[in-house]
Amino acid sequence: MKTILTGLRANSVFTIGNYLGALLPMVRLANKHVNDCHLNLFVPDLHSMISEIDGGDLQSNILRSIKCYLAAGMPTGKNVHIYRQSRVPAHSELCWILNCIATMGEMNRMTQYKEKSEGKNSVNVGIFDYPVLMAGDILLYSAEYVPVGEDQFQHIELTRNLAMRFNNRYGDIFTIPASTKEQVKFMGLEEGIRIRDLLNPEKKMSKSTVAENSKIMLDDTPERAAKKIMSATTDSLGKIKFDMWGQPGISNLMVIESLVNDIPLQEVIGKWSGETKYGELKKQVAASVSKLLTDFQVRINEISDDQVYELLESGERYANEVANTKLLEVQKAVGLR
Ligand code: ATP
Ligand code: MG
């Protein structure tokens, strides 16, 4: 049985970018493949530490992030495995072994690292190294499909390269994840999803961006979210056209409208192209997002902590079993056992 795997760093509340780009694609795949694939959903709590976080918030963030998946419609059942990364020590150990085959040159090329370290005097090593930890997260479970947003595609390619290099040196140990092109196809998309920052639409929306109005959080009140959409940066061309380079702000709103309502982007483009009233499009998107948040917030409040802990107990038992088996294979291959 193939494995589909994903995780979202629990360093803060999720944005609508995380929801549309990563959470929803996983939930859709999970519902489609709940009988024929393993579905691994993990909380990368070790990854959370690359951003400055208050340790006191981490546990509640972890619980909330699992509840987000459940509220988004993630199925449960014998093939669904929900676990916390730090409860499976094999992740850290495989990371070290992979560190010793990754090169500084390839790690220096990671754009997420460049973006996250830009303008900072001091950058923690975790920010540089987390793609290797991520490679281990994937390879330990022989996952072929990893639904993530477009910003993480480079890390999937890195994972493939590290796995191929390892296999060339030490034998056929790792399953090579599908290429990003195949991943996109598997998700039923034409291209990867990248929701833009509402104030600076040239950049992607990120939960760690400081400016509150640049991002919609899943716990924003529907009214607040609507206001953020209404004040999103657009352009002064005065005519709606889907053009991510020339009119990224207005194009981003069309992408959001399409994903939130699960209607083809072409349909949204067809409806709005040539219109001149940006405010009308904003009102429509604000209404769609407000409705999404209202429904989502009702659902998340119905999920109890106990429900989550119960899922974690069986998920972590499974994850340790699978990960330790793979780690032992790796340790034997490199001569550690
Ligand atoms: P941070 O600022 O802490 O890095 P983030 O919003 O980039 O937060 P991550 O935890 O790095 O979130 O990524 C979680 C998942 O969400 C990944 O699969 C990532 O590709 C996806 N994702 C993040 N931002 C976007 C976005 N703007 N559009 C689509 N998907 C996104
Ligand atoms: Mg990120």
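1. Lys-228 is a buried residue, since its relative accessible area is 2% and the limit for buried is under 20%. The side chain of Lys-228 meets that of Asp-220 in a salt bridge, with 2.6 Å from N to O. Asp-220 is buried as well, because its relative accessible area is 4%. The model in which these residues are seen is a predicted one.

2. The pair of Lys-228 and Asp-220 belongs to a wider arrangement. Salt bridges link Asp-220, Arg-224 and Lys-228 in a network. Side chains of opposite charge can pair when their charged atoms come close. For the structure as a whole, the count of salt bridges is 13.

3. Two further salt bridges can be read along helices. In helix α8, which covers residues 153-170, Glu-157 and Arg-160 are 3 residues apart, or about one turn of the helix. Their closest N and O atoms are 3.3 Å apart, and the two residues form a salt bridge. The partners fall into separate classes of accessibility: Glu-157 is partly exposed because its relative accessibility is 27%, while Arg-160 is buried because its relative accessible area is 16%.

4. Helix α13 (residues 278-301) holds the other pair, Asp-295 and Lys-291, which are 4 residues apart, about one turn of the helix. Here the salt bridge has its closest N and O atoms 2.7 Å apart. Is Lys-291 buried or exposed? Lys-291 is exposed, because its relative accessible area is 53% and the limit for exposed is over 50%. Asp-295, at 30% relative accessibility, is therefore counted as partly exposed.

5. The next points concern the division of the protein. Domain 1 consists of residues 2-188 together with 305-334, and domain 2 of residues 212-300. Domain 1 is thus given as two stretches of the chain, because its range is written as 2-188 + 305-334. Between the C-alpha centres of the two domains there are 29 Å.

6. How many residues of domain 1 are in contact with domain 2? There are 14, and they touch 14 residues of domain 2. The size of an interface is often given as the accessible area lost when the parts come together. For domain 1 and domain 2 this buried area is about 1300 Å², and carbon and sulfur atoms give 75% of it. On the side of domain 1, Ile-16, Leu-20 and Ala-71 supply 43% of the area buried against domain 2, more than any other three residues.

7. Polar links across the interface should be listed too. Between domain 1 and domain 2 the count is 1 salt bridge. Asp-262 and Arg-28 form a salt bridge through their side chains, at 3.8 Å from N to O. Across the interface, 3 residue pairs are found in polar contact, with both residues at pLDDT 80 or more. On the side of domain 1 that touches domain 2, the elements giving two or more residues are α1 (16-33) and α3 (55-71). The largest share, 5 residues, comes from α1. By class, the residues on this side of domain 1 are 9 nonpolar, 2 polar and 3 charged.

8. Asp-262 deserves a second look for its backbone. Its phi is positive, about 55°, although Asp-262 is not a glycine. Asp-262 is placed in the loop between α11 and α12 (265-272). With a relative accessibility of 53%, Asp-262 counts as exposed.

9. Ser-142 also has a positive phi, near 50°, and is a residue other than glycine. Where is Ser-142 placed? Ser-142 is in the loop between α7 (125-139) and α8. Ser-142 counts as partly exposed because its relative accessibility is 22%.

10. The last point is about a loop leucine. Leu-237 lies between α10 (222-230) and α11 (248-261), in the loop that separates them. Leu-237 counts as exposed because its relative accessibility is 59%. Apart from neighbours within four places in sequence, Leu-237 is in contact with Gly-246, Gln-247 and Tyr-278. Of these contacts, Gln-247 is 10 residues from Leu-237 along the chain, and the C-alpha atoms of the two are separated by 8.3 Å.

Methods. Residues are numbered from 1 along each chain as its sequence is written. Chains are lettered from A and ligands numbered from 1 in the order in which they are written. This is a predicted model: local features need pLDDT of at least 70, side-chain atom pairs count only at pLDDT 80 or more; totals for chains, interfaces and linings use all residues. Side-chain values use heavy atoms; hydrogens and water are left out. Contact means heavy atoms within 4.5 Å. Buried area is the accessible area (1.4 Å probe) that two parts lose on being put together, summed over both. A salt bridge is a side-chain nitrogen of Lys or Arg within 4 Å of a carboxyl oxygen of Asp or Glu. A polar contact is a pair of N or O atoms within 3.5 Å; within protein, one must be able to donate a hydrogen and the other to accept it, and residues adjacent in sequence count only if both atoms are side-chain atoms. Ala, Val, Leu, Ile, Met, Phe, Trp, Tyr, Cys and Pro count as nonpolar, Asp, Glu, Lys and Arg as charged, and the others, Gly among them, as polar. Buried means under 20% relative accessible area, exposed over 50%, partly exposed in between (1.4 Å probe, protein chains only).
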